[in-house]
Amino acid sequence: MQITAFAFAIILASMHIFAKNMRFIQIIPRSRFLSLGGGVSVGYVFIHILPELKEHQELIEHHGLLLSYLEHHAYLLAMLGLILFYALEKTAKESQKQNQQETGENQPTRRIFWLHISSFAFYNGLIGYLLIHRDSEGLLSLILYVIAMALHFIVVDYGLRTHHKDIYNRVGRWLLALAVLLGWAIGVLTEIPESVLALFFAFLSGAIILNVLKEELPEDRESSTLAFSLGAIGYIALLLLVS
């Protein structure tokens, strides 16, 4: 299964490397494929990831990890993931606007670029790690996970390229591709304690929701509601069918 997972890690990494060559992804109006991919990602989160938060919640409570005086640790971590990536998005947009006014360059500063890429490298590394260590076992479950994350990576790649432009093409996409492979390697070489992994898993669920919705909701994206809905509903139906 490790070799199969490695092959899938290569596929996920290649999404960042080759996404810029997907000419059918237009900036405005937004490609229906991007909306479809966003819908699939959200469908996976709501049907597969969020229901597992209950199990992770019980595990975290059993070990007494993090904010032990509160009741809903896993859900708090999901909210933290959403808030953190929302803050990153706002910071990138503000830096882009300020940098354009000061230097004429329509992109965030290098400092914000590295902050953005570092955060998404951790994000991608966790997704790569989960190729090896996930609650759901079996090849079919792994394939469904890879499909959802591959489409999600294309959506994420589009957003990062829109912000950071040339420097993302030259540096960022390669680092994010490498992060997936490093996550897989860490999963092969070691196993994070299940209670700690539960915290990361919860954090990831919130981050995925934000990273999809931030690309779909702005009016200037001219997103396709139909494609997004079809992606979400179709993938949910597939998950329910095979579960």
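Which helix does Leu175 lie in? Leu175 sits in helix α5, and the views below, all taken from a predicted model, start from the whole chain and then move in on that helix.

**View 1. The whole protein, helix by helix.** Count the elements and you get 7 helices and 0 strands. Read from the N terminus, the order is simply α-α-α-α-α-α-α. Of the 243 residues in the protein, 51% are buried. Take the contacts with a separation of 6 or more: 81% of them are between residues 24 or more positions apart. As for the outside, the accessible surface comes to about 12100 Å², and carbon and sulfur atoms own 65% of that.

**View 2. A nonpolar patch on the surface.** Four side chains are the ones to look for here: Trp114, Leu175, Leu178 and Leu182 make a nonpolar surface patch of about 360 Å². Helix α5, spanning residues 139-189, supplies the largest share of the patch, with 3 residues.

**View 3. Leu175 up close.** Here's one of the patch members on helix α5. Is Leu175 buried or exposed? Neither, quite: Leu175 counts as partly exposed because its relative accessibility is 31%, and the partly exposed class runs between the 20% and 50% cut-offs.

**View 4. Lys165 and its backbone.** Helix α5 also holds Lys165. The thing to check here is phi: Lys165 has a positive value of about 55°, although it isn't a glycine. Most residues other than glycine have a negative phi. With a relative accessibility of 28%, Lys165 counts as partly exposed.

Definitions and conventions
Residues numbered from 1 in each chain as written. Predicted model: local features only at pLDDT ≥ 70, side-chain atom pairs only at ≥ 80, totals over all residues. Heavy atoms only, no water. Patch = residues over 30% accessible without salt bridge, like charges linked within 9 Å, V, L, I, M, F, W, Y side chains within 5 Å. Areas by Shrake-Rupley, 256 points an atom, 1.4 Å probe, with all protein chains shown as cover. Helix = DSSP H or I, 4+ residues; strand = E, 2+ residues; numbered from the N terminus. Buried < 20%, exposed > 50% of the residue type's maximum accessible area, 1.4 Å probe, protein only. Contact = heavy atoms within 4.5 Å.
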